[in-house]
Amino acid sequence: MSIRTMQKLISGLSQFQNSDYRHKQSLFEELAHGQSPQTLFITCSDSRIDPNLITRSDPGDLFVLRNAGNLIPRHGQASGEAATIEYAIKALRVQDIVVCGHSQCGAMNAILQTGSCDQLPAVAAWLQNADGLAQRTLQRHGEQSPERMLELVIQENVRMQLENLQALRCVADALSNDQVQLHGWAYDIGSGKVEMLDCEKDAFVPLSDAAFSEINDSTSGFA
């Protein structure tokens, strides 16, 4: 990390302590005694994604799980992801889980570009958690332009990871007891817009204030 980058981070930390923290001091003092987030937010490690920023949520509102490609290892694999999800459900008792993909995702692009991870063996092994994703997308949508195919793979990956979530025992139990609901989102970095997976339509539709009242019904396939 360069000296200039560290200077920027330290300057930002100072501004946080002298401004942002003071404005929400009572919140941080309360959070010092524990957390009770209502939502587990699963998204990509991409530096352009800020879950709290795009949802205008406060510290303590979201329990965030991030990795390359917002992937959930398949049932039976011990992982940090499985442990985080289990803790969110059983210890924190979150009420909602959001899987949020995003535009221009490098992990999804790597899945479409054969050989792109030849020099990144750990990345290649990790992306095996999305095996079959490109084929699923082709079966659903047929041949598309490279740009459109990436968009569709990003959406299809959200579907796949929701399925992987449901295969986890703790999630399946919570769903059967109506303790949690699952939601699939796709965030566009350039426009700031978010689409949600509408299970009744089996399609991604714009997520807006007008659509909020329909979320419970449209996600009922996962709840």
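These are my notebook entries on a predicted model, written up as I went from the sheet to the cores and then to a few single residues.

**Entry 1: the sheet**

I began with the strands. I found an open sheet of six strands, in the order E2-E1-E3-E4-E5-E6, and its pairing is mixed. I then asked myself which strands sit at the edges. They are E2 (62-67) and E6 (203-206), and each of these pairs on one side only. I also looked up the twist: neighbouring strands are turned by 30 degrees against each other on average, with direction ignored.

**Entry 2: strand by strand**

Next I walked across the sheet, one pair at a time. E1 and E2 are parallel and share six bridges. One place to look is Leu40, whose bridge partner in E2 is Phe63.

E1 and E3 also run parallel, joined by five bridges. Here I noted two partners in E3: Val99 for Ile42, and Cys100 for Thr43.

E3 and E4 are parallel too, with seven bridges between them. Val98 has His183 in E4 as its bridge partner.

Then the sense changes. E4 (residues 181-187) and E5 (residues 194-198) pair antiparallel over three bridges. In this pair, Ala186 stands opposite Glu195 of E5.

**Entry 3: what lies on the sheet**

Which helix lies across E1, E2 and E3? I found H4 (residues 80-90) there, running at about 170 degrees to E2. A second helix, H8 (residues 146-166), packs on the sheet as well and touches E1, E3, E4, E5 and E6. The direction of H8 makes about 150 degrees with that of E3.

I wanted to know how covered the inner strands are. Six of the six residues of E1 are buried, so E1 is largely enclosed by the rest of the structure. E3 is mostly covered, with six of its seven residues buried. A reminder to myself for viewing strands: in a regular strand the side chains alternate between the two faces of the sheet.

**Entry 4: the nonpolar cores**

How many residues does the largest nonpolar core have? I noted 25, and among those with the most contacts inside it are Leu40, Ile42, Ile85 and Leu165. Several elements supply at least two residues each: E1, E2, H4, E3, H8, H9 (169-176) and E4. H9 gives the most, with four residues.

I picked Ile42 for a closer look. Leaving out residues up to four places away in sequence, Ile42 touches Leu65, Asn70, Ile72, Ile85, Ile97, Val98, Val99, Cys100 and Leu165.

There is a second, separate core of 16 residues, which includes Cys105, Cys117, Leu127 and Met149.

**Entry 5: Asp46**

I moved on to a loop. Asp46 is in the loop between E1 and helix H3 (51-55). Is Asp46 buried or exposed? The relative accessibility of Asp46 is 15%, so Asp46 counts as buried, since the cut-off for buried is under 20%. The side chains of Asp46 and Arg48 are joined by a polar contact of 2.7 Å. Asp46 also touches Arg66 and His102, again not counting residues up to four places away in sequence.

**Entry 6: aromatic pairs**

Last, I searched for rings. The whole structure has five aromatic pairs. One of them is Phe16 with Phe28, edge-to-face, at 5.7 Å centre to centre and 90 degrees between the planes. Phe16 lies in H1 (residues 3-23) and Phe28 in H2 (residues 25-31), so this pair ties together parts that are twelve residues apart in sequence. Both rings are partly exposed: Phe16 has 30% relative accessibility, and Phe28 has 21%. Ring pairs also link Phe16, Tyr21 and Phe28 into a cluster.

I then looked at Phe63 and Tyr87. Their pair is tilted, with 6.0 Å centre to centre and 40 degrees between the planes. Phe63 lies in E2 and Tyr87 in H4, so the pair ties together parts that are 24 residues apart in sequence. Phe63 counts as buried at 17% relative accessibility, whereas Tyr87, at 43%, counts as partly exposed. Phe63 was already in my notes as the bridge partner of Leu40.

Note on methods: Residues are numbered from 1 along each chain as its sequence is written. This is a predicted model: local features need pLDDT of at least 70, side-chain atom pairs count only at pLDDT 80 or more; totals for chains, interfaces and linings use all residues. Side-chain values use heavy atoms; hydrogens and water are left out. Two strands pair if DSSP finds at least two bridges between them. Axes are lines fitted to C-alpha atoms, for helices over the stretch in contact, and angles run from 0 to 180 degrees between N-to-C directions. Contact means heavy atoms within 4.5 Å. Buried means under 20% relative accessible area, exposed over 50%, partly exposed in between (1.4 Å probe, protein chains only). A nonpolar core is a set of buried Ala, Val, Leu, Ile, Met, Phe, Trp, Tyr and Cys residues joined through side-chain atoms within 4.5 Å. A polar contact is a pair of N or O atoms within 3.5 Å; within protein, one must be able to donate a hydrogen and the other to accept it, and residues adjacent in sequence count only if both atoms are side-chain atoms. Rings of Phe, Tyr and Trp (its six-membered ring) pair if their centres lie within 6.5 Å; planes under 30 degrees apart count as stacked, over 60 as edge-to-face and the rest as tilted.
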